[in-house]
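Let's take a friendly walk along one strand and meet its neighbours. Have the structure open as you read.

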Amino acid sequence: MRAQRFIGVSWQDRETVGQQAVADVHGQLQVPPDWSVINAEGFTWWPHQFAQSVWTDEGVFRNSRSIYRLHTEIDLVRGRGQSAKLNIALEHEMDQCNLSALVYDQPSDTYRLHSSVFAEEDNIHWISKLFSAAVTLQVVEAKAIAAHLAKSNRAAPAISGHPTAGLREEPDKLLSTALGLFTTGGAQDCRWIDVDEWKQVDWAMERQALDYEMTPGRQLAARFFWAADESQSIDLAISTDEPHELLGNGLHFTLMIPLRASAQHIAQMALELNENERANWHTSHMLGSWCSHYDSLAFRLFIPNVLYQVGILEEIAVTMSTRAIWVTEFFLEKKQQAEMARDATVL
């Protein structure tokens with residue numbers, strides 16, 4: 001599931017911010033040795049019958065800062081010749097995602113859930129909490145989505161066994177206890193209502209958005225440049241009054257792309273964009289997923305109430321603004337490539 005390898009260094013040494021984060025997650029999960037495989041950059045374990053991997057990259061040094069990308073990824077379902085149907089079904093499932101994106105690995109014909117964040121000394125105090133939650137919720141979400149798709153679309157769950165211990169029959173206790181904390185917190189009023197961070201979001205949008213409107217302390221609606229058609233815009237909505245259907249209250253982010261296309265094309269574009277984020281350093285935390293939202297292409301992210309911390313609202317709002325900037329460049333490049341291919345055909 002990961003190509004990058006460390007040489008002579010292990011996350012268990014805890015020498016970097018990235019290694020410390022992986023070690024913390026490993027400890028919090030209480031990963032059983034009999035159901036895990038340790039490698040230099042992280043670990044793979046079997047909370048039940050789906051393999052989940054958690055790892056850190058080697059990091060980069062930028063602007064006098066060391067930045068590390070933390071990843072978590074879990075197997076979901078196999079394609080088995082049903083990609084056209086599964087893409088649409090899965091991308092509708094991801095409309096109610098929380099912290100994970102849908103990705104597809106062609107060599108193994110496996111759909112997976114993936115999350116990644118950029119960690120450094122300045123943000124590790126809160127980003128590690130978000131990352132740990134992404135790891136935990138990913139396990140629960142994968143089981144639920146795979147079971148639903150197996151019933152509704154006859155999808156084949158991507159079940160696997162430990163290299164020596166085989167198939168894990170009894171699920172880890174995480175699967176029965178994980179949701180409790182999130183749903184209990186979600187039953188309370190949204191914790192981001194009327195917090196001071198909305199002032200920082202206001203200032204950030206002044207610098208980055210074409211224009212925006214705010215309901216003070218509760219909502220934001222902002223517009224960003226859309227290169228494919230300047231009469232339209234990429235629209236960002238941040239809301240405290242859109243509960244998650246399972247996790248209750250929290251903070252919802254929705255980035256809408258004005259792309260008119262068939263359901264199949266939107267699903268394919270969502271997968272392509274998710275893979276683009278997974279493979280490249282856009283410095284946008286990959287929390288949430290590109291998906292089909294009201295039959296349009298969108299990026300959706302939900303942060304549960306229990307994860308409230310000062311700084312998250314502003315940071316993720318800026319991350320969404322960054323995503324709006326690079327995605328318009330992505331589509332502009334695709335448009336230029338299509339025009340060049342058309343011209344070449346004519347010649």
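In this predicted model, strands S4 and S5 form a hairpin, with 2 residues between them. Within that turn, asparagine 63 has a positive phi of about 50°. From here, we can follow S5 and see which strands pair with it.

**The hairpin partner, S4**
- Strand S4 covers residues 60–62 and pairs with S5 in the antiparallel sense, over 3 bridges.
- To find this pairing on screen, look for phenylalanine 61, which stands opposite serine 66 in S5.

**Pairing with S3**
- Strand S3, made of residues 52–56, also pairs with S5 in the antiparallel sense, here over 5 bridges.
- Threonine 56 has leucine 70 in S5 as its bridge partner.

**Pairing with S7 and S8**
- S5 and strand S7 (residues 110–119) are joined in the antiparallel sense by 10 bridges.
- One pair to look for is tyrosine 68 with its bridge partner in S7, alanine 119.
- Strand S8 (residues 156–157) pairs with S5 as well, in the antiparallel sense and over 2 bridges.
- In that pairing, arginine 78 has alanine 156 of S8 as its bridge partner.

**How enclosed is S5?**
- Is strand S5 largely enclosed by the rest of the structure or largely open?
- S5 runs over residues 65–78, and 11 of its 14 residues are buried, so the strand is largely enclosed by the rest of the structure.
- Buried here means under 20% relative accessible area.

**A general point to keep in mind**
- In a regular strand, side chains alternate between the two faces of the sheet.

Notes
Residues numbered from 1 in each chain as written. Predicted model: local features only at pLDDT ≥ 70, side-chain atom pairs only at ≥ 80, totals over all residues. Heavy atoms only, no water. Buried < 20%, exposed > 50% of the residue type's maximum accessible area, 1.4 Å probe, protein only. Helix = DSSP H or I, 4+ residues; strand = E, 2+ residues; numbered from the N terminus. Pairing = 2+ DSSP bridges.
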